[in-house]
Number of protein chains: 2
Amino acid sequence: MTPPSGPRKGRPRNADADGAILAATREALAELGWGGLTMGDVAVRAGVAKTTLYRRWPSKNELVVAAVAEQLDELEMADLGSLRADIEAVVAQFASLLSAPETQAALLALFAEATRDPLLRRRVREAIIEPQKRLVLAGRAAAQSRGELPLDTCEETASAAVDIIFDTVAGTVVHRMLVSGEPATPDWISSFATLLLAPLAGIGAGT
Amino acid sequence: MTPPSGPRKGRPRNADADGAILAATREALAELGWGGLTMGDVAVRAGVAKTTLYRRWPSKNELVVAAVAEQLDELEMADLGSLRADIEAVVAQFASLLSAPETQAALLALFAEATRDPLLRRRVREAIIEPQKRLVLAGRAAAQSRGELPLDTCEETASAAVDIIFDTVAGTVVHRMLVSGEPATPDWISSFATLLLAPLAGIGAGT
DNA sequence: GATATACGCTACGACTCGTAGCGAAAGAGT
DNA sequence: ACTCTTTCGCTACGAGTCGTAGCGTATATC
């Protein structure tokens, strides 16, 4: 995407431009959608020439992948001392991110294009989806160290559990906020955490 | 969309064309994505002139809404005698529909465009999302009549429950199949049903 | 028949993608 | 100080698309 290591000779790239372009991309995507997003418009918003965009990213697809990936890297898993609190915190954080119109349109538009372009789909998985599974792994590990969850007995089972938990959390929150368009209120988050904890914590362990 | 009631005079519309156009739209959307979908291509696939498309739908957006809505109306809630079986059946049905590339690209592309266009979003909610909540309502009613679930005590609570269940089921399945790209195997469906049943059925009722 | 609509075809203006060429700017190496 | 290399902004271009308009023709009702 960007040159592996900064070029040694010649005029250096404007360091501020990358951030400005990615922010402009998310902004434009939110207002205009994938179909309405034009490279010329992004260039004007970012205050650079259109050729500068193509000098740094090879196509619209790659530009949008970068713009969305940058946004989602903000997520963090807190350790608040209980599994329920951790779940509610990360869901709230995720929901807060998804409540920004920039992120909404950007994420969905990208997923949509990815269904047709296998290469883009791979890039989305690598750059956006897989990195976020770290949240589930961190939350599980913390809960296990606190004795809230049993330790893993089988590597394969544990991996499958991480996948299904990730699908459920990400999918449900995304669906509620982006498709149904309902906000994730504290009450809703609490209900959802209860739903998640029941099968995880076993009989009598939830609160 | 189509004239409120058939015109009384003049040449009637070709009745077969509507179906052919909608099918061609889904097919083209699957192959080319939202960005690659062209009205001219759809017209060729359907064997009609481009002007015929615009005579029946005012824009690409409206055409795709109609194409996807038609596809999702196929879903039905079976009554198999137990809540678990009903859930697994409807999830499998939903997953089967979403495994078709036509539906995948169509749904996501539409959701993405809907995030920017409030009017389109309303049309999507009315024509696609809300009608499917009937599945949750039917499943709950059947389970209540079998004594598997308690009867509703509060109208408002029941409505919120329907919403959260719908978000969770639709969101998780959509996310797994469309975003992660993993198939919904019988094992996965069974695990997911367990996850859903735990909070619903209370202690000791699941299997 | 007269009327009214749908149909297929072709052409059109406005717009976007991604590329190419230009002169100028801003650094690194000698 | 001078050269070399890369980036920058600008303008223009070919190919392709959207959505519309006009034409002649087909197929129905009154």
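Okay, let's start where the two protein chains meet: 40 residues of chain A are in contact with 40 residues of chain B, contact meaning heavy atoms within 4.5 Å. Before I go on, a word on the source: this is a predicted model, where local features need pLDDT of at least 70, side-chain atom pairs count only at pLDDT 80 or more, and totals for chains, interfaces and linings use all residues. Residues are numbered from 1 along each chain as its sequence is written, chains are lettered from A and ligands numbered from 1 in the order in which they are written, and side-chain values use heavy atoms, with hydrogens and water left out.

Back to the two chains. Together they bury about 3400 Å², with 62% of that on carbon and sulfur atoms; buried area is the accessible area (1.4 Å probe) that two parts lose on being put together, summed over both. On chain A's side, A:Asp167, A:His175 and A:Leu195 supply 17% of the area buried against chain B, more than any other three residues.

How many salt bridges are there between chain A and chain B? The count is two, a salt bridge being a side-chain nitrogen of Lys or Arg within 4 Å of a carboxyl oxygen of Asp or Glu. There are also three residue pairs in polar contact between these chains, both residues at pLDDT 80 or more. A polar contact is a pair of N or O atoms within 3.5 Å; within protein, one must be able to donate a hydrogen and the other to accept it, and residues adjacent in sequence count only if both atoms are side-chain atoms.

Which helix of chain A gives the most to the side touching chain B? That's helix 8, with 13 residues. Helices here are DSSP runs (H or I, at least four residues), numbered from the N terminus. The residues on that side of chain A divide into 21 nonpolar, 11 polar and eight charged. For those classes, Ala, Val, Leu, Ile, Met, Phe, Trp, Tyr, Cys and Pro count as nonpolar, Asp, Glu, Lys and Arg as charged, and the others, Gly among them, as polar.

Now let's zoom in on one arginine. A:Arg176 sits in helix 8, residues 155–180 of chain A, and its side chain forms a salt bridge with that of B:Asp167 (3.0 Å, N to O). Is A:Arg176 buried or exposed? Buried, at a relative accessible area of 9%, where buried means under 20%, exposed over 50% and partly exposed in between (1.4 Å probe, protein chains only). Its side chain also reaches the backbone oxygen of A:Pro183 at 3.1 Å.

Another arginine, A:Arg26, is in helix 1 of chain A. A:Arg26 is buried too, at 10%, and its side chain reaches the backbone oxygen of A:Ala67 at 2.6 Å.

Last stop, the DNA. Of the 24 residues around strand C, A:Thr38, A:Met39, A:Tyr54, B:Thr52 and B:Arg56 come nearest; a residue is near a strand if one of its heavy atoms lies within 4 Å of it. Of the strand C atoms within 4 Å of the protein, 66% belong to sugar or phosphate and the rest to bases.

On the phosphate side, a side-chain N or O atom of B:Thr52 is 2.6 Å from a phosphate oxygen, and a backbone N or O atom of B:Ala49 lies 3.1 Å from one. As for bases, a polar side-chain atom of A:Arg11 lies 3.2 Å from a base nitrogen of strand C. And helix 3 of chain B makes up the largest share of the surface near strand C, with four residues.

Technical notes: Helices (H or I, at least four residues) and strands (E, at least two) are DSSP runs, numbered from the N terminus.
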